[in-house]
Amino acid sequence: MKKTITLLLALIVGLVLQAQTFVGSMTIASFGQKNVKCTLTVYSHGHATLVMQRVKFAKLMPVRVDMAVSGLTAKQDADGNLRLTGTGIIPTAGGRTYPKKTITDFHGTVRGSTLSATFTMSQKTVTYTGTKQK
């Protein structure tokens with residue numbers, strides 16, 4: 001039984017190539033936030049998930065949420081930068097999906113220790129730039 005559990009854990013860990021945490025600034029329309037923490041997890045099958053932690057998407061939004069953007073395509077370019085792309089992605093927060101907030105035109109890059117991402121959500125452009133935490 002112990003060998004089976006160990007083997008299962010090894011397989012699961014092997015599927016995740018890297019998980020990195022970044023802290024930076026996010027803007028949507030004219031609303032901006034600083035010190036936004038994002039965790040990017042890249043899987044061995046070429047997909048990635050970006051979780052934006054404790055974010056608000058409007059000044060008067062009453063709560064902060066952890067929003068997950070899953071199903072991103074992750075590929076390394078010729079310069080060794082990680083390129084992230086995706087469209088038609090339904091984000092999740094608090095265990096719920098938000099089809100009315102479908103993300104389109106997601107383009108992101110991890111260049112060195114910097115993550116930059118831009119996408120459209122609810123017909124508004126969201127931008128994020130953060131630095132990798134050690």
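A polar contact is a pair of N or O atoms within 3.5 Å; inside a protein, one of the two must be able to donate a hydrogen and the other to accept it. Keep that in mind for a threonine we'll meet below. One thing to know up front: what you're looking at is a predicted model.

**The overall build**

Let's start with the whole chain. The protein has one helix and 10 strands, and if you walk along the sequence, the helix comes before the strands, in the pattern α-β-β-β-β-β-β-β-β-β-β. Here are some figures for the protein as a whole:

| Feature | Value |
|---|---|
| Share of the 134 residues that are buried | 34% |
| Exposed area | about 8400 Å² |
| Part of the exposed area from carbon and sulfur atoms | 57% |

As for contacts between residues at least 6 apart in sequence, 39% of them join residues at least 24 apart.

**Zooming in on Thr39**

Thr39 sits in strand E2, which covers residues 31-43. Is Thr39 buried or exposed? Its relative accessibility is 19%, and buried means under 20%, so Thr39 counts as buried. Now for that polar contact: the side chains of Thr39 and Gln53 are joined by one of 2.8 Å. Setting aside neighbours within four places in sequence, Thr39 also touches other residues, among them Gln20, Thr21 and Leu50.

**The largest pocket**

The largest pocket holds about 250 Å³ of space. Its lining has 13 residues, and the closest to the pocket's centre are Phe57, Met61, Tyr98, Lys101 and Met121. Strands E4 (65-76) and E6 (92-93) each give at least two residues to this lining. By type, the lining splits into nine nonpolar, two polar and two charged residues.

Terms used
Residues numbered from 1 in each chain as written. Predicted model: local features only at pLDDT ≥ 70, side-chain atom pairs only at ≥ 80, totals over all residues. Heavy atoms only, no water. 1 Å grid on protein atoms, 1.4 Å probe; cavity = no way out; pocket = protein on both sides within 12 Å on 5 of 7 lines; lining within 4 Å. Points joined across faces, edges and corners; volume = space filled by probe spheres on them. Helix = DSSP H or I, 4+ residues; strand = E, 2+ residues; numbered from the N terminus. Nonpolar A, V, L, I, M, F, W, Y, C, P; charged D, E, K, R; others polar. Buried < 20%, exposed > 50% of the residue type's maximum accessible area, 1.4 Å probe, protein only. Contact = heavy atoms within 4.5 Å. Areas by Shrake-Rupley, 256 points an atom, 1.4 Å probe, with all protein chains shown as cover.
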